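Colleague: I'd like to practise reading features off a model. Could you take me through a few, general idea first and then the case at hand?

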Amino acid sequence: MFCSGLLLISQHDRPRLISGMFILISSFSQKYPPVKFLSEKDRKRILITGGAGFVGSHLTDKLMMDGHEVTVVDNFFTGRKRNVEHWIGHENFELINHDVVEPLYIEVDQIYHLASPASPPNYMYNPIKTLKTNTIGTLNMLGLAKRVGARLLLASTSEVYGDPEVHPQNEEYWGHVNPIGPRACYDEGKRVAETMCYAYMKQEGVEVRVARIFNTFGSRMHMNDGRVVSNFILQALQGEPLTVYGSGSQTRAFQYVSDLVNGLVSLMNSNISSPVNLVNPTYRYPLSMYFTLSKTSDTLSRSQIQFLPEAQDDPRRRRPDIRKAKMMLGWEPVVPLEEGLNKTIQYFSRELEHQANNQYIPKPKAARQKKGRPRQHN
Ligand SMILES: O=c1ccn([C@@H]2O[C@H](COP(=O)(O)OP(=O)(O)O[C@H]3OC[C@@H](O)[C@H](O)[C@H]3O)[C@@H](O)[C@H]2O)c(=O)[nH]1
């Protein structure tokens, strides 16, 4: 049939028809990453809000490969179709362009509620929207969980501890947050999201899980993310000085994204309804991160440092206690910092190549800083 049709079309149109046939054939034979077979009893219908984002897309990969049916909902503010495009068309996968600030009516067994910008420049970009996402968005997802009897895991944050006055921070610590500062839209947004989870649990019997996620890095971070690891790597790869805010002596604990994803899945499937810290507890200063990066790559070791004014309300010390996750989930991070950084450097190198081919190289975003002249250092 195709051949006889081909005889009737012009010489000019032939290549177009042939390339159309090629797309059709290749879309039928599309290869997906390997997916386990799960029986009806074990296979869950899982919703991931923010599933096209940095963490959400890695979680999507794990749950898809484990054999579940995954629905990703994203408004694509910081998420990207590219992050999940390898699943599009798979019978277990669905991608919905939807903002959680609007209600959603679907049937699911579990909800991983990750939707929210997470890096300081992104969540400060539109603080009202960040508040709406974390409050109205969380109410909508808890309402959905209640209606369909699903379990909901909230991606909360170490930022609920604010600028901590107690070290290390275990889950009992109530935190030290400035409720009217520039970070409040996220810190307080996540704090009230936690409050909502426990109100729905107590009043409506909704099963909730709360992960307090500390600094996470890895592939699929946005080029414009603005957090320290992506900024340092991108700046170094582009031969620019690394921007250190303040003295560079603030402390943070970092984890590679695959460790976090395993922690989220363990928590969801555990019986722990109280909050759990998830991170690699080895903590570092931004400056020491620079020295680790220098050891990891020659290009990075040649970088200069530029000291800029400190970011407003930047937590001075963050030092997690993860004994609860270890004891109650049997989870602990396994990817060494250097190995994670190496993978992330490779990812950003490829991204830069890709962007260069498209003649577009976005610059990392800067944090909102205190006023004052930058200090001069070498
Ligand atoms: O270019 C930079 C970026 C950041 N920094 C500093 O590096 C430290 C870490 O900053 P990041 O922006 O990576 O991350 P933050 O710790 O401020 O916030 C993060 O915390 C935990 C997560 O849950 C949150 O999603 C994220 O907001 C801060 O002290 C910051 O001032 C720099 O010195 N230079």
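Colleague: Let's go straight to strand pairing: in which sense do S9 and S11 pair, and over how many bridges?

Modeller: In general, strands of a sheet pair through backbone hydrogen bonds, either parallel or antiparallel. In this predicted model, S9 and S11 pair in the antiparallel sense, over 2 bridges. For a residue-level view, look at Arg 252: its bridge partner in S11 is Arg 284.

Colleague: And what is the strand order of the sheet?

Modeller: S7-S9-S11, an open sheet of 3 strands with mixed pairing. S7 and S11 (283–284) have a single partner strand each, so they stand at the edges and one side of each lacks a neighbour in the sheet.

Colleague: Now helices. How many of the residues of H7 are buried?

Modeller: A general idea to start: an α-helix has 3.6 residues a turn, so residues three or four places apart point the same way. H7, though, is mostly covered, with 8 of its 10 residues buried. Among them are Val 229, Phe 232, Ile 233 and Leu 234, but also Ser 230 and Asn 231.

Colleague: What do those buried residues pack against?

Modeller: Strands S7 (215–217), S8 and S9 (252–256), plus helices H9 (286–296), H10 and H12 (337–357). Just after H7, check the backbone too: Gly 239 has a positive phi of about 70°.

Colleague: On to the ligand. Which elements each supply at least two residues of the shell around it?

Modeller: H7 (228–237) again, along with helix H4 (120–125) and strand S8 (242–245). The shell divides into 10 nonpolar, 7 polar and 6 charged residues. Of the 23 residues around the ligand, the nearest are Ala 118, Glu 159, Thr 243, Arg 252 and Asp 314.

Colleague: Which atoms should I look at for Arg 252 and Asp 314?

Modeller: Start with the side chain of Arg 252, where an N or O atom is 2.5 Å from an oxygen atom of the ligand. Asp 314 also has a polar side-chain atom 2.5 Å from a ligand oxygen. With Ile 213, go to the backbone: an N or O atom there lies 3.0 Å from an oxygen of the ligand. Overall, the protein covers 97% of the 660 Å² of accessible area that the ligand has on its own.

Colleague: One last residue: is Gln 304 buried or exposed?

Modeller: The cut-off for exposed is over 50% relative accessible area. Gln 304 has 54%, so it counts as exposed. You'll find Gln 304 in the loop between H10 (298–301) and S12 (305–308), where it touches Pro 241 and Leu 242.

Key
Residues numbered from 1 in each chain as written. Predicted model: local features only at pLDDT ≥ 70, side-chain atom pairs only at ≥ 80, totals over all residues. Heavy atoms only, no water. Near = heavy atom within 4 Å. Polar contact = N/O pair within 3.5 Å; in protein donor to acceptor, adjacent residues only side chain to side chain. Areas by Shrake-Rupley, 256 points an atom, 1.4 Å probe, with all protein chains shown as cover. Helix = DSSP H or I, 4+ residues; strand = E, 2+ residues; numbered from the N terminus. Nonpolar A, V, L, I, M, F, W, Y, C, P; charged D, E, K, R; others polar. Buried < 20%, exposed > 50% of the residue type's maximum accessible area, 1.4 Å probe, protein only. Contact = heavy atoms within 4.5 Å. Pairing = 2+ DSSP bridges.
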